[in-house]
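The following exercises concern the pockets and nonpolar cores of a predicted model. Each task is followed by a worked solution.

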Amino acid sequence: MSLLRVSALAKSFGARRLFAIDELTLLAGASYVLTGENGSGKTTLLRIMAGLETPDGGVGHYRSRRFDWQPYPDWLRREVIYVHQQPYLFHTSIAQNIAYGLCARRIDRRRRESLVAGAIAWARLEHLLATPPQKLSGGERQRVALARAWVLAPAVLLLDEPTASLDAESRRQTIELLRGFGSARTTTVIACHDRDVIELPDVRRLDLAGGQIVV
Ligand SMILES: Nc1ncnc2c1ncn2[C@@H]1O[C@H](COP(=O)(O)OP(=O)(O)OP(=O)(O)O)[C@@H](O)[C@H]1O
Ligand SMILES: [Mg+2]
């Protein structure tokens, strides 16, 4: 079933046409990798789909509900989450970082604490809880950011190069988490060049080339 579909999605920066995508359909519960050369527009495309950037034109459908970007609807922001390649962490604690979106959604404290505890266990962060977020390694920060997104159980999760600039062991741990990310409840798109991610089982490939998506 089509979960998120965008049509005639165009974006230019100045005179430079980045892409004009006829159609891109994400199926419910499927996992995708988004490949493409540096500068082809992967980050821009993910940010547009999450409503963080505005395209020059385009129409979207979420399930069968139509939307556009003027403005991007608030109800869709709750469904589509983008995780930055170098995620920003608040200078509070790991647990408070993970709880951030739950607080914004006014989830009550008991339920929040139980969800955060589940996310901490999922991302194997227990031994780091006393460490200030700004002291974490790149791989640990990435795991906190993944937990912060995962805990919200988004319908669509857009991950921007989650394994870039990590050492071998952090990469391995992050890929382990990515394996468990796609599920019936979450459609994931992972922008990356990492062969080990591209070759994960049951991952479909999207390639952004020449301003079009090639499936
Ligand atoms: N706000 C902006 N203003 C002007 N140009 C921009 C802006 N954002 C991105 N660009 C340009 O658009 C192009 C695509 O950028 P984008 O970051 O989407 O590519 P990418 O495929 O994610 O690249 P990479 O593989 O290096 O991450 C680049 O040439 C970039 O310089
Ligand atoms: Mg990018």
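**Exercise 1.** Determine which elements line the second largest pocket, and characterise the lining.

*Solution.* Begin with the secondary structure: α6, β8 (187–191) and β9 (203–209) each contribute at least two lining residues. Next, locate the centre: of 14 lining residues, Ser 31, Arg 179, Pro 201, Asp 202 and Val 203 lie nearest to it. Then classify the lining, which comprises 7 nonpolar, 4 polar and 3 charged residues. Finally, the volume of this pocket is about 180 Å³.

**Exercise 2.** Describe the largest pocket in the same manner.

*Solution.* The volume of the largest pocket is about 620 Å³. Of its 20 lining residues, Ile 81, Tyr 82, Tyr 100, Arg 148 and Leu 152 are the closest to the centre. At least two lining residues come from each of β6, α3 and α5, and β6 gives the most, with 4. By class, 14 lining residues are nonpolar, 2 are polar and 4 are charged.

**Exercise 3.** Identify the residues with the most contacts inside the largest nonpolar core, and trace the elements that build this core.

*Solution.* The core has 34 residues, and Ile 98, Leu 125, Leu 159 and Val 197 have the most contacts inside it. Two or more core residues come from each of β6 (80–83), α3 (94–104), α4 (109–122), α5 (138–150), β7 (156–160), α6 (168–179) and α7 (195–198). The largest share, 5 residues, belongs to α5. A second, separate core has 32 residues, among them Leu 24, Phe 67, Leu 76 and Ala 155.

Notes:
Residues are numbered from 1 along each chain as its sequence is written. Chains are lettered from A and ligands numbered from 1 in the order in which they are written. This is a predicted model: local features need pLDDT of at least 70, side-chain atom pairs count only at pLDDT 80 or more; totals for chains, interfaces and linings use all residues. Side-chain values use heavy atoms; hydrogens and water are left out. A nonpolar core is a set of buried Ala, Val, Leu, Ile, Met, Phe, Trp, Tyr and Cys residues joined through side-chain atoms within 4.5 Å. Buried means under 20% relative accessible area, exposed over 50%, partly exposed in between (1.4 Å probe, protein chains only). On a 1 Å grid over the protein atoms alone, a cavity is a set of points where a 1.4 Å probe fits but cannot get out, and a pocket is an open set with protein on both sides within 12 Å along at least five of seven lines; lining residues have an atom within 4 Å of a point. Grid points are joined across faces, edges and corners, and a volume is the space filled by probe spheres set on the points. Ala, Val, Leu, Ile, Met, Phe, Trp, Tyr, Cys and Pro count as nonpolar, Asp, Glu, Lys and Arg as charged, and the others, Gly among them, as polar.
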